[in-house]
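Here is a short briefing on the structure shown below. Keep the sequence and the model open while reading.

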Amino acid sequence: MAGLFDPVSIKVQSITVLGSTGSIGLSTLDVIRRHPDRYRAFALCAHSQVDKLYEQCLEFQPSFAVLRDAKLAAQLAERFVAVGLKTEVRHGIEALVELSSLSEVDAVMAAIVGAAGLEPTLAAAKAGKKIMLANKEVLVMAGELFMRAVREHGATLLPVDSEHNAIFQSLPGDFSRGLNQCGVQKILLTASGGPFRNTPLVDLAGVTPEQACAHPNWVMGRKISVDSATMMNKGLEVIEAHWLFNAPPEMIQVVVHPQSVIHSAVQYVDGSVLAQMGNPDMRTPIAFSMAWPERIAAGVEPLDLFKIAHLDFVAPDFERFRCLQLAYDVLREGGTAPAILNAANEVAVAAFLDGHLPFLGIAKLDEAVLQALPAGPEGSLADVLAADSEARRIAGKMVQERCFA
Ligand code: NAD
Ligand code: MG
């Protein structure tokens, strides 16, 4: 009889990896590498890291490789011809959209950073794919549109963000009938507090990009690392949790937990709190989302509770972490307000990383853009993209005029 772990019963899943050269992309490929009998990289997509993508294609031999611009794509194609690799090279957003929705694709790992991931991930939802969602900005920008597309087209949405993956694991399987109906009282969204949790406020003014990117527990891309330092990442995750679990903002409680061992928890009316624990390694939620409802090995060290010995929890400081408050504010405001905050923040973080904005300028710039640009309804994708580009324009101008330098 064919059982859950009988290899004969397993069909190899073809996966499009959006953002294969990034931190989540690399961890995804590592899980694929461990299970060649279950998964195949169908398309590998990156921005401009030609050498990295070339190496990945040599190893995984995907059907397609995608880069952002035509020139780099042509260079990559030439290198493939030289070594006789059959991988077809494409470029641009249209290619990402197509390769996220083709009938040959079983699942899409959405791991592009920022707003650039929105259109291909939305296309995957409209094609009814299984979506493993790391790219939280999709839900921040267009949560209503995206969740509607998932429902209407029967897509399967599995959260990869470690907190949301933990919440998903701690909720009953039928949570979509409503959290109240399931006896849920609160979602406890844990946060490490980042590298500056205890730094004296006066010292924050001079923080460098290297200091901001040195996260105490996780190794991540630079954008999300800076967001963790300002706690904007947690703010974006509050919005992400709202859409994924249909949870009102007052039901989502941020809990600072510096060890990053409890990845989040759910508190029930009977007094139970269910949590998911593990070492801080993204391969756990990635492998979970790839194999769900089964479990597969992820190459992650087992958790050693004796070594950890104790876990700490403190309330977040909304004054120190102004960005966290801004995220709650835009979630309550609704419409395009979260998309505006997200766009302003992407510009602010890029300016900080380039040395054009001080660390404390990030929250100030975010807030100034929110004040300058009133939110509208999140009607269509065009509305969201228009709000996004207007917010970027205003934010860019503020950076250029050195408003918060
Ligand atoms: P990263 O910067 O390491 O990688 C980003 C990837 O996206 C790269 O492969 C890059 O080439 C690609 N990319 C960027 N812009 C693109 C564009 N315009 N077109 C095509 N490809 C593009 O980022 P990351 O840390 O891997 O994060 C990816 C996403 O996952 C983010 O949304 C982040 O918030 C989320 N996430 C990351 C982690 C983590 O541990 N790294 C944890 C939870 C959630
Ligand atoms: Mg997270």
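**Around helix α4**

The cover over the buried residues of α4 includes β1 (13-18), β2 (39-45), β3 (64-67), β4 (88-91), β5 (107-110) and α5 (118-126). This is a predicted model. The points below go from this region to two buried loop and helix residues, the cores, helix α16, a hairpin and a metal site.

**Helix α4 and strand β1**

- Helix α4 spans residues 92-101, and its buried residues are G92, A95, L96, L99 and S100.
- These buried residues sit on the same side of α4, because they cover an arc of only 125° around the axis.
- Residues three or four places apart in an α-helix point the same way, because there are 3.6 residues a turn.
- β1, part of the cover over α4, is itself mostly covered, with 5 of its 6 residues buried.
- β1 and β2 run parallel and are joined by 6 bridges.
- Within this pairing, I15 has A41 in β2 as its bridge partner.

**T21 and Q56**

- T21 belongs to the loop between β1 and α1 (23-34).
- T21 has a relative accessible area of 5%, so T21 counts as buried.
- Beyond its neighbours within four places in sequence, T21 contacts L26, A46, Q49, K52, L53 and Q56.
- Q56 is part of helix α2 (residues 50-60).
- Q56 is buried too, because its relative accessible area is 6%, and the cut-off for buried is under 20%.
- Outside its neighbours within four places in sequence, Q56 contacts S20, T21, L26, L29, L44 and Q61.
- L26 appears in the contacts of T21 and in those of Q56.

**Nonpolar cores**

- The largest nonpolar core has 101 residues; I131, F146, L171, L179, F245, F359 and V369 touch the most other members.
- Helix α15 (residues 337-353) supplies the largest share of this core, 11 residues.
- A second core, separate from this one, has 37 residues, including I24, I32, M109 and V160.
- Nonpolar side chains tend to be buried together in soluble globular proteins.

**Helix α16 and V369**

- Which residues of α16 are buried? They are G361, I362, A363, L365, D366, A368, V369 and L370.
- Their cover includes α10 (222-230), α11, α14 (322-333), α15 and α17 (381-400).
- V369 touches I340, A344, A391, I394, A395 and M398, leaving out residues up to four places away in sequence.
- Helix α16 (residues 361-372) has 12 residues, so at 1.5 Å a residue the helix should span 16 Å; its end C-alpha atoms are 16 Å apart, which agrees.

**The β10-β11 hairpin**

- Strands β10 (residues 262-268) and β11 (residues 273-277) pair in the antiparallel sense, over 5 bridges.
- Q267 has V273 in β11 as its bridge partner.
- The two strands form a hairpin with 4 residues between them.
- G271, in the turn, has a positive phi of about 95°.

**Magnesium site**

- Which residues coordinate the magnesium ion (ligand 2)? D161 (OD), E163 (OE) and E237 (OE) do, at 2.1 to 2.2 Å.
- Along the chain, the donors follow the spacing D-x1-E-x73-E.
- E163 lies in helix α7 (residues 162-170) and E237 in helix α11 (residues 232-245), so the pair ties together parts 74 residues apart in sequence.
- E163 and E237 are both buried.
- Helix α11, which holds E237, is also among the elements covering the buried residues of α16.

Note on methods:
Residues are numbered from 1 along each chain as its sequence is written. Chains are lettered from A and ligands numbered from 1 in the order in which they are written. This is a predicted model: local features need pLDDT of at least 70, side-chain atom pairs count only at pLDDT 80 or more; totals for chains, interfaces and linings use all residues. Side-chain values use heavy atoms; hydrogens and water are left out. Buried means under 20% relative accessible area, exposed over 50%, partly exposed in between (1.4 Å probe, protein chains only). The arc is that of the directions from the helix axis to the C-beta atoms. Contact means heavy atoms within 4.5 Å. A nonpolar core is a set of buried Ala, Val, Leu, Ile, Met, Phe, Trp, Tyr and Cys residues joined through side-chain atoms within 4.5 Å. Two strands pair if DSSP finds at least two bridges between them. Donors are N, O and S atoms within 2.8 Å of the metal (3.2 Å for Na, K and Ca); water is not among the atoms, so sites may look incomplete. The expected span of a helix is 1.5 Å times one less than its number of residues.
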